[in-house]
Amino acid sequence: TRKKYLCLAGGVALNCVSNGKLLRSGIFDDIYIQPAAGDAGGAIGAAMIGWHQYFGKERKTDGKTDSMNGAYLGPRYSNENIKTYLDEKRLTYLRLKDDELPEKIADLISEEKVIGWFQGRMEFGPRALGSRTIIGDARSPKTQKVINLKIKYRESFRPFAPSVREEDISEYFDIDRPSPYMLLVAKVAKNKQLPMTKEQESYFGLKKLNISRSEIPAVTHVDYSARIQSVSKKTNKRYHEMLTVFKQKYGCPVVVNTSFNVRGEPIVCTPSDAYRCFMRTEMDYLLLNNYLLKK
């Protein structure tokens with residue numbers, strides 16, 4: 001077609017390894033992947049065809065802004081909703097002020113605590129994007145194993161994705177643009193990698209897998225790659241603020257991000273979903289908007 005820009009949808013567009021290779025090939029100036037690229041995305045298509053063809057509304061875009069708004073299109077629950085639920089359950093909680101919340105969570109992450117992060121509108125699509133997310137310290141070599149075995153109840157070697165501040169993405173990863181929907185894979189930046197010794201290169205299987213490969217080992221795959229989510233201040237202010245404080249205090253703008261669920265279950269949606277998941281796992285803390293619960 002000789003076109004410079006490509007839009008992808010459908011289930012195959014969720015293959016973030018091939019998406020990353022396609023972007024790096026230079027065939028296109030840029031690619032856009034619909035974040036709910038599977039069958040669920042048909043809901044947006046149905047709304048669009050109604051808006052444009054049935055109602056005859058103009059198709060328009062400024063060409064710069066992603067109208068998906070970070071894919072935060074699902075339901076939200078107010079602090080009042082959450083307090084009512086917690087009080088009905090007679091649960092003990094700490095209410096954090098807006099300005100103290102980012103630092104409190106950053107401090108807990110630095111202590112290698114695993115936190116269920118439940119904020120604002122739920123993500124649309126299969127990826128947790130900092131709204132219904134389990135977060136942990138990407139710098140810790142223990143985080144990957146702990147979350148897999150004690151929260152996800154799956155094999156210890158299963159990889160996790162990083163959330164990184166959008167403005168820091170190129171410092172930590174070999175990519176020159178945002179990846180807001182966790183649909184692109186790129187290598188960890190060379191200066192963040194830790195080379196293996198000759199002895200380590202001779203290891204096999206899980207022994208080789210457990211070697212720390214970078215400054216952020218919990219999100220670095222065996223081939224030094226990572227499936228990246230960049231976090232924008234515009235679309236997810238609170239998550240971005242927490243990452244900013246974590247960078248300021250601990251020198252790293254990256255955390256582990258995995259979907260808020262256990263194996264075989266969908267991502268949590270409601271406060272009661274989140275509380276049940278919290279109690280069924282060995283998560284340390286649960287943050288429901290401004291309300292913090294400790295196990």
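Helix H4, residues 101-110, and helix H9, residues 237-250, make a good starting point: their axes come within 8 Å of each other and cross at roughly 55 degrees. That angle makes H4 oblique to H9, and the crossing is right-handed. Please keep in mind that this is a predicted model.

Which residues make up the contact between the two helices? On the H4 side they are Leu101, Pro102, Glu103, Ile105, Ala106, Asp107, Ile109 and Ser110, and they meet Arg238, Glu241, Met242, Val245, Phe246, Lys249 and Tyr250 of H9. Sorted by class, this contact has 9 nonpolar, 1 polar and 5 charged residues. A helical pattern helps when you look at such lists: an α-helix has 3.6 residues a turn, so residues three or four places apart point the same way.

One residue of this contact is worth a visit of its own. Glutamate 103 is found in helix H4, and its relative accessibility of 38% makes it partly exposed. Leaving aside neighbours within four places in sequence, glutamate 103 is in contact with Val245 and Lys249. The second of these partners is 146 residues away along the chain, yet the C-alpha atoms of glutamate 103 and lysine 249 are separated by 8.7 Å.

Now stay with H9 for a moment. Its 14 residues, at 1.5 Å a residue, should span 20 Å, and its end C-alpha atoms are indeed 20 Å apart, so the two values agree. The buried residues of H9 are Arg238, Tyr239, His240, Met242, Leu243, Thr244, Val245 and Phe246. What do they pack against? Besides H4, the partners are strand S4 (115-118), strand S5 (132-136), strand S6 (161-165), strand S8 (225-231) and strand S9 (254-259). After the helix comes glycine 251, with a positive phi near 75 degrees.

A positive phi turns up at asparagine residues too. Asparagine 69 has a phi of about 55 degrees although it is not a glycine, and asparagine 289 has one of about 50 degrees, again without being a glycine. Asparagine 69 sits in the loop between helix H2 (42-54) and helix H3 (79-88), while asparagine 289 lies in the loop between strand S10 (285-288) and strand S11 (291-294). Are these two buried or partly exposed? Asparagine 69 is partly exposed, with a relative accessible area of 43%, whereas asparagine 289 is buried at 8%.

Two further loop residues round off the tour. Methionine 283 has its place in the loop between helix H10 (271-280) and S10. With a relative accessibility of 1%, methionine 283 counts as buried. Not counting residues up to four places away in sequence, methionine 283 touches Val114, Ile115, Gly116, Ile134, Ile151, Phe260, Cys277, Phe278 and Lys295. Serine 232, by contrast, is 51 residues from methionine 283 in sequence and 26 Å from it in space, C-alpha to C-alpha.

Arginine 121 belongs to the loop between S4 and S5. Its relative accessible area is 33%, which puts arginine 121 among the partly exposed residues. With neighbours within four places in sequence left aside, the contacts of arginine 121 are Tyr72, Leu73, Gly74, Pro75, Arg76, Ser131 and Arg132. The C-alpha atoms of arginine 121 and isoleucine 169 are 48 residues apart along the chain and separated by 24 Å.

Here are the accessibility values side by side:

| Residue | Relative accessibility and class |
|---|---|
| Glutamate 103 | 38%, partly exposed |
| Asparagine 69 | 43%, partly exposed |
| Asparagine 289 | 8%, buried |
| Methionine 283 | 1%, buried |
| Arginine 121 | 33%, partly exposed |

Key. Residues are numbered from 1 along each chain as its sequence is written. This is a predicted model: local features need pLDDT of at least 70, side-chain atom pairs count only at pLDDT 80 or more; totals for chains, interfaces and linings use all residues. Side-chain values use heavy atoms; hydrogens and water are left out. Axes are lines fitted to C-alpha atoms, for helices over the stretch in contact, and angles run from 0 to 180 degrees between N-to-C directions. Helices (H or I, at least four residues) and strands (E, at least two) are DSSP runs, numbered from the N terminus. Angles under 35 degrees count as roughly parallel, over 145 as roughly antiparallel, 65 to 115 as roughly perpendicular and the rest as oblique. A crossing is left-handed if the near helix is turned anticlockwise from the far one by less than a right angle, and right-handed if clockwise. Contact means heavy atoms within 4.5 Å. Ala, Val, Leu, Ile, Met, Phe, Trp, Tyr, Cys and Pro count as nonpolar, Asp, Glu, Lys and Arg as charged, and the others, Gly among them, as polar. The expected span of a helix is 1.5 Å times one less than its number of residues. Buried means under 20% relative accessible area, exposed over 50%, partly exposed in between (1.4 Å probe, protein chains only).
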